[in-house]
Amino acid sequence: MERRTFLSMLAGSALAGGLSPAWAQAVLKVGSTPTGSPFTFLDTKTNTIEGVMVDLIKAIAAVSDFKVEVEGMQFSTLIPSLTGNKVDIVAAAMYITPVRKEVIDFSDPIYTYGEGLIVPATDTKDYVTLEELKGKTIGVQIGTAYVDKLQTSGLFSEVKLYKTLPDILADVNAARVQAAVFDLPIIAYNLSQGQFPRVRIVKSYKPVISGSVGIGVRKTDGELLKKINVGLAKLKADGTVDKILAKWGLA
């Protein structure tokens, strides 16, 4: 059965009779990323995607009478996979932005943060603004909310696009790129693991693009979005969301 049709049937059942047995049997595919620690990452011991957003969508599913199956994919493919009916939900470190809201719907906000600036450890300047990096080469991940800001600023000799955060960190670590921006909690968590000792977070830098992470669904899946928001509200009220954030060092 084609996935959109299946979800439409589930939505109809839920609307007509409250809690539907069909929802309890549904296994919804969740698109996530293997390289966004601590929000989402590939646990190489279990070969499964883990992290804040995985724990959260599983907890929401548990209180909302549906089941989820998490699938890893590159960040830039998350929204196309959702709109192309390859997955039913996006649970990753994805900002709720006006541009994205033109394409998909988001849950209520979950966690708010801004971008961090990283440079090779040999660069000890206390940058505060992007303007101070004028003329340099800067890196950023494809599909993130930072790409347009960097490309339209006219500040940089090159805005180098990367598919994954490890690719960015490897190039900054080797000084092949002079700076990069990425979600601050994610780069802080990754650098704390000690794999990129020649990368430094610029603590003096002031972020210019802050956003809130949300769970994404297709615009045609309004009933699913309602269930996710009701479940999320329950988990915020009983402290589960705070416990999940604390588990991954984001309290």
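Visitor: How many bridges join strand S3 to S4, and do the two run parallel or antiparallel?

Guide: This is a predicted model, and in it strand S3, residues 40-43, is joined to S4 by three bridges, with the two strands running antiparallel. To follow one of these links by eye, start from Phe41 and look across to S4, where its bridge partner is Glu50.

Visitor: Which strands make up the open sheet, and in what order?

Guide: The open sheet has three strands in the order S2-S3-S4, and their pairing is antiparallel. Strand S2 (35-36) and strand S4 (48-50) stand at the edges with a single partner strand each, so one side of each is left without a neighbour in the sheet.

Visitor: Before I go further, where in the chain is the pLDDT below 50?

Guide: Begin with the whole chain, which averages a pLDDT of 90, with 90% of the residues scoring at least 70. Over residues 1-6, however, the pLDDT is below 50, and this stretch has 14 contacts in the model beyond near neighbours in sequence. The pLDDT also stays under 50 over residues 8-21, for which the model has 14 contacts beyond four places in sequence. Where pLDDT is low, the predicted coordinates should not be read in detail.

Visitor: Which residues touch the most other members of the largest nonpolar core?

Guide: The general idea is that, in soluble globular proteins, nonpolar side chains tend to be buried together. Here the largest nonpolar core holds 65 residues, and those that touch the most other members are Phe39, Ile89, Leu117, Ile118, Leu130 and Ile138. Helix H3, which covers residues 52-64, gives the most to this core, with seven residues. There is also a second, separate core of 11 residues, including Phe75, Leu78, Leu82 and Ala92.

Visitor: What does Leu130 touch, if residues up to four places away in sequence are not counted?

Guide: With those residues set aside, Leu130 touches Ile138, Lys149, Leu150, Leu155, Phe156, Val181, Tyr205 and Val208.

Visitor: How many aromatic pairs does a search of the whole structure find?

Guide: The search finds six aromatic pairs. One of them is formed by Phe39 and Tyr111, whose rings are tilted, at 6.0 Å centre to centre and with 55° between the planes. Because Phe39 lies in the loop between S2 and S3 while Tyr111 lies in strand S8 (residues 111-120), this pair ties together parts that are 72 residues apart in sequence.

Visitor: Is Phe39 buried or exposed, and how do its ring and that of Tyr113 lie?

Guide: Phe39 is buried, with a relative accessible area of 0%. The rings of Phe39 and Tyr113 have their centres 5.4 Å apart and their planes at 35°, so this pair is tilted. It links distant parts of the chain, since Phe39 is in the loop between S2 and S3 and Tyr113 is in strand S8, 74 residues apart. Tyr113 is buried too, with a relative accessible area of 7%. Ring pairs link Phe39, Tyr95, Tyr111, Tyr113 and Tyr146 into a cluster.

Visitor: Where is Asp171 found, and is it buried or exposed?

Guide: Asp171 is found in helix H7, residues 165-173, and it is buried, with a relative accessible area of 10%.

Visitor: With which side chains does the side chain of Asp171 make polar contacts?

Guide: The side chain of Asp171 makes a polar contact of 2.7 Å with the side chain of Tyr162, and a polar contact of 2.7 Å joins the side chains of Asp171 and Arg176. Leaving aside neighbours within four places in sequence, Asp171 is in contact with Lys160, Tyr162, Arg176 and Val177.

Terms used. Residues are numbered from 1 along each chain as its sequence is written. This is a predicted model: local features need pLDDT of at least 70, side-chain atom pairs count only at pLDDT 80 or more; totals for chains, interfaces and linings use all residues. Side-chain values use heavy atoms; hydrogens and water are left out. A nonpolar core is a set of buried Ala, Val, Leu, Ile, Met, Phe, Trp, Tyr and Cys residues joined through side-chain atoms within 4.5 Å. Buried means under 20% relative accessible area, exposed over 50%, partly exposed in between (1.4 Å probe, protein chains only). Helices (H or I, at least four residues) and strands (E, at least two) are DSSP runs, numbered from the N terminus. Contact means heavy atoms within 4.5 Å. Two strands pair if DSSP finds at least two bridges between them. pLDDT is the predictor's confidence in each residue, from 0 to 100. Rings of Phe, Tyr and Trp (its six-membered ring) pair if their centres lie within 6.5 Å; planes under 30 degrees apart count as stacked, over 60 as edge-to-face and the rest as tilted. A polar contact is a pair of N or O atoms within 3.5 Å; within protein, one must be able to donate a hydrogen and the other to accept it, and residues adjacent in sequence count only if both atoms are side-chain atoms.
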